[in-house]
Amino acid sequence: MEVSPYGLESLWAQGDFVTKGVAVLLLAMSIASWYVIITKALQLLRFRKASAAAGHQFWDTTNLPEGVATLGQDNPFAEVAKAGVTAMSHHTAHKGHLHDQLSVSDWVTLSLRQAIDEASGKLQAGMAVLASVGSTAPFVGLFGTVWGIYHALVSIGTTGQASIDKVAGPVGEALIMTALGLAVAIPATFGYNALVRGNKTIIAKLNKFGFDLHALFVTGARAAGEDGQPNGGKAKLTAVGRA
């Protein structure tokens with residue numbers, strides 16, 4: 001089967017080490033961006049399930065261990081709840097040492113905020129890869145295009161032949177590099193924007209969940225629920241050390 005003189009195989013076969021290096025770099029950037037997109041998208045789906053549990057199932061339980069169990073494992077909502085439980089237990093156990101320096105409200109607030117900040121950092125992990133690929137891939141492809149056109153012009157100048165059949169192949173192969181750069185950058189940019197929106201939603205729900213937990217630990221009851229009632233009209237959960 002005859003290889004097309006204008007395809008990717010021809011570009012690879014006729015390209016020098018710079019052209020091949022740019023192509024390999026774009027391939028690596030594409031693999032890295034798709035890996036981040038897929039793994040972060042699956043992570044967001046898992047966190048949304050935990051978010052739904054944190055908004056309803058968690059508050060329908062009768063004690064904190066049971067409530068934490070409804071959140072599952074390996075998600076920020078469970079980590080925030082565990083941090084709150086640990087902070088409350090620590091303050092109760094060391095009340096004589098902490099009472100004069102830090103109130104239970106301040107202590108729980110600091111612990112919950114730290115857990116939420118850590119969760120936010122984990123959510124942002126990998127996003128820099130997508131941002132970098134989306135912003136640099138077109139220029140990497142453009143560099144390959146410029147390099148390819150330069151060599152095409154040098155070849156034309158050396159042979160003295162500038163007919164369309166002599167120019168179309170080298171110039172077309174060079175322009176392929178621009179297309180490859182855009183093919184790498186566009187999914188990375190769309191993926192970055194979609195994941196940023198998803199992360200903001202999860203972080204907002206984490207902050208709301210943390211606020212409700214703080215109210216539970218400090219006052220013994222959840223903050224206002226969806227129906228505007230002090231305990232959401234149906235919350236049964238009790239805080240550590242409370243009846």
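These are my notebook entries on one predicted model.

**Entry: overall make-up**

I started with the fold elements. The protein has 8 helices and 0 strands. Read from the N terminus, the order is α-α-α-α-α-α-α-α. I then looked up burial. Of the 243 residues in the protein, 36% are buried. The accessible surface is about 13,500 Å². Carbon and sulfur atoms hold 65% of that surface.

Next came the contacts between residues at least 6 apart in sequence. Of these, 72% join residues at least 24 apart.

**Entry: helix 6**

I checked the length of helix 6 first. It covers residues 104-124. With 21 residues at 1.5 Å a residue, helix 6 should span 30 Å. Its end C-alpha atoms are 30 Å apart, so the expected span and the model agree.

Which residues of helix 6 are buried? I noted Val108, Ser111, Leu112, Ala115, Ile116, Ala119, Ser120 and Leu123.

I took Ser111 from that list for a closer look. Its relative accessible area is 15%, so Ser111 falls under the 20% cut-off for buried. Setting aside neighbours within four places in sequence, I found Ser111 in contact with Ala83 and Ala87.

I also looked just past the end of the helix. There Gly126 takes a positive phi of about 90 degrees.

**Entry: salt bridges**

How many salt bridges are there? The count comes to 2 salt bridges. I went through both pairs.

The pair in helix 6 is Arg113 with Asp117. Their side chains meet at 3.6 Å, N to O. That N to O distance is within the 4 Å limit, so the pair counts as a salt bridge. Arg113 and Asp117 are 4 residues apart, which puts about one helical turn between them. Arg113 is partly exposed at 39% relative accessible area. Asp117 is partly exposed too, at 45%.

The pair in helix 8 (residues 164-219) is Lys208 with Asp212. The closest N and O atoms of Lys208 and Asp212 are 2.7 Å apart. Here again the partners are 4 residues apart, about one helical turn. What is the burial state of each partner, buried or partly exposed? Lys208 is partly exposed at 39% relative accessibility, whereas Asp212 is buried at 2%.

**Entry: Thr109 and His214**

I went back to helix 6 for Thr109. Thr109 is partly exposed, with 37% relative accessibility. I asked which residue its side chain joins in a polar contact. The partner is His214, and the polar contact between the two side chains is 3.0 Å. Thr109 and His214 are 105 residues apart in sequence. In space, their C-alpha atoms are 6.7 Å apart.

**Entry: Phe217**

Phe217 sits in helix 8. I read a relative accessible area of 0% for Phe217, so this residue is buried. I then compared its position with that of Gly84. Phe217 and Gly84 are 133 residues apart in sequence. Their C-alpha atoms are 7.9 Å apart in space.

**Entry: Lys40**

I moved to helix 2 and picked Lys40. Is Lys40 buried or exposed? Lys40 is buried, with a relative accessible area of 7%. I wanted to know where its side chain goes. The side chain of Lys40 reaches the backbone oxygen of Ala125 at 3.1 Å.

I listed the contacts of Lys40 as well, leaving aside neighbours within four places in sequence. They are Lys122, Leu123, Gln124, Ala125 and Leu195. Of these, Leu123 had already come up among the buried residues of helix 6.

**Entry: surface patch**

I stayed with helix 2 (residues 17-55) and looked up Ile38, which lies in that helix. Ile38 is partly exposed, with a relative accessible area of 48%. That value is over the 30% needed for a patch residue, so Ile38 passes the area cut-off. Which residues make the nonpolar surface patch with Ile38? They are Trp34, Leu42 and Leu45. The patch amounts to about 410 Å².

Terms used: Residues numbered from 1 in each chain as written. Predicted model: local features only at pLDDT ≥ 70, side-chain atom pairs only at ≥ 80, totals over all residues. Heavy atoms only, no water. Helix = DSSP H or I, 4+ residues; strand = E, 2+ residues; numbered from the N terminus. Buried < 20%, exposed > 50% of the residue type's maximum accessible area, 1.4 Å probe, protein only. Patch = residues over 30% accessible without salt bridge, like charges linked within 9 Å, V, L, I, M, F, W, Y side chains within 5 Å. Areas by Shrake-Rupley, 256 points an atom, 1.4 Å probe, with all protein chains shown as cover. Expected span 1.5 Å × (residues − 1). Polar contact = N/O pair within 3.5 Å; in protein donor to acceptor, adjacent residues only side chain to side chain. Contact = heavy atoms within 4.5 Å.
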